[in-house]
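Visitor: I should like to understand how the descriptive terms for a protein model are justified. Would you take me through the reasoning, one term at a time?

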Amino acid sequence: MASDLPMSPHLEQIHGEIRDHFRALANGFQRLDKIKDSSRQSKQLEELADKMRECKRLVKEFDRQLKDGEARNSPEVNKQLNDEKQSMIKELNSYVALRKTYLNTLGNKKVELFHTGAGVSGEPTAEENVQMASSMSNQELVDAGMKRMDETDQAIERSKQVVHQTIEVGTQTASTLKGQTDQMGRVVNDLDTIQFSIKKASQLVKEIGRQVATDKCIMVFLFLIVCGVIAVIVVKIVNPNNKDIRDIPGLAPPAQSRKLLYFRE
């Protein structure tokens, strides 16, 4: 039994955590069979995938601790621990293959931890994956599992980079739009100022037009008065005996000639 294996406290703790995750995965797949809604099934599969990733990390840690303690353990103990590690990897691969079967049923195509098929039509079933894993040697199984784990980690890192780049582009776009919005606001304010100035100029032109019209009327009236006075003066000079025209104040009648005065004497 795995509980009878001689392990260090830290290695035993890791082993216990892996077994706890395996029990949670088994219960999760049992509950998945009872779920009829496809969206809830997808959510449940994502939660199971998180547990598988955690198991993968713990298996790596278990392998690292196992290699660090090989010198302190006997060959027989090291063999038993390596067998236990291979058993955990096989069990993890079986859960991964089972999850892939559910994903194919739902029509999802996502990157898997231990993907071995070339396409949907050529992908092996869960039983075939288990048989394939059983036929592989321990070292080949470990190498294949580690390789798939590394590929998954690389895919996750690439996805993070894409998300980071998308966020940067979105931030730059938001800054550009904000600058353009501020510029449009300034343009609108300038247009309002120009419109106000045009209204003030129109009012000023109207006021000037009214003043000019008033001045013209006054000038025409004065011109008519002057013309009338000049006409009266001219008539008085030409015909001084005309009684129909009154004398203009301040303008004396023309004096009689000297010859006329002399004749009267």
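**From values to terms**

Guide: Let us begin with two helices of this predicted model. The axes of helix α1 (residues 9-34) and helix α3 (residues 75-106) come within 11 Å, and their crossing angle is roughly 25 degrees.

Visitor: Why are α1 and α3 called roughly parallel to each other?

Guide: Angles under 35 degrees count as roughly parallel. The crossing angle of α1 and α3 is roughly 25 degrees, and α1 and α3 are therefore described as roughly parallel to each other. Their crossing is left-handed.

Visitor: What makes the arrangement of α2 and α3 parallel or antiparallel?

Guide: The axes of α2 and α3 cross at roughly 160 degrees and come within 10 Å. Because angles over 145 degrees count as roughly antiparallel, α2 and α3 are roughly antiparallel to each other. In this pair, α2 passes α3 in a left-handed crossing.

Visitor: Which elements does the protein contain in total?

Guide: The protein has six helices and zero strands. Read from the N terminus, the order of its elements is α-α-α-α-α-α.

Visitor: What makes the contact between R57 and E54 a salt bridge?

Guide: A salt bridge requires a side-chain nitrogen of Lys or Arg within 4 Å of a carboxyl oxygen of Asp or Glu. For the side chains of R57 and E54, the N to O distance is 2.5 Å, and they meet in a salt bridge. Side chains of opposite charge can pair when their charged atoms come close. Both R57 and E54 lie in helix α2 (residues 38-68), three residues apart, about one turn of the helix.

Visitor: How do you know whether R57 and E54 are buried or exposed?

Guide: Buried means under 20% relative accessible area and exposed means over 50%, with partly exposed in between. R57 has a value of 44% and is therefore partly exposed. E54, at 26%, also counts as partly exposed.

Visitor: Where else in helix α2 do two side chains meet in this way?

Guide: The side chains of R64 and D68 form a salt bridge, with 3.5 Å from N to O. R64 and D68 are four residues apart in helix α2, so about one helical turn separates them. R64 has a relative accessible area of 42% and is partly exposed; D68, with 45%, is partly exposed as well.

Visitor: Why is the contact between D83 and K79 called a salt bridge?

Guide: The cut-off is within 4 Å, and the N to O distance between the side chains of D83 and K79 is 3.2 Å. Being four residues apart in helix α3, D83 and K79 are separated by about one helical turn. D83 counts as partly exposed at 33% relative accessibility, and K79 does so at 48%. Elsewhere, salt bridges that share partners join R19, E84 and E91 into one network.

Visitor: How many salt bridges does the rule give?

Guide: The count comes to 12 salt bridges.

Visitor: What makes I225 partly exposed?

Guide: The term covers values between 20% and 50%, and I225 has 41% relative accessibility, so I225 counts as partly exposed. I225 is found in helix α5 (residues 138-238). Together with I218, M219, F221, L222 and V229, I225 forms a nonpolar patch on the surface, with about 580 Å² of accessible area in total.

Visitor: How much of the protein counts as buried?

Guide: Of its 265 residues, 23% count as buried.

Notes
Residues are numbered from 1 along each chain as its sequence is written. This is a predicted model: local features need pLDDT of at least 70, side-chain atom pairs count only at pLDDT 80 or more; totals for chains, interfaces and linings use all residues. Side-chain values use heavy atoms; hydrogens and water are left out. Patches are made of residues with over 30% relative accessible area and no salt bridge: like charges are joined within 9 Å, nonpolar side chains (Val, Leu, Ile, Met, Phe, Trp, Tyr) within 5 Å. Accessible areas come from the Shrake-Rupley method with a 1.4 Å probe; for residues, only the protein chains shown count as cover. Buried means under 20% relative accessible area, exposed over 50%, partly exposed in between (1.4 Å probe, protein chains only). Axes are lines fitted to C-alpha atoms, for helices over the stretch in contact, and angles run from 0 to 180 degrees between N-to-C directions. Angles under 35 degrees count as roughly parallel, over 145 as roughly antiparallel, 65 to 115 as roughly perpendicular and the rest as oblique. A crossing is left-handed if the near helix is turned anticlockwise from the far one by less than a right angle, and right-handed if clockwise.
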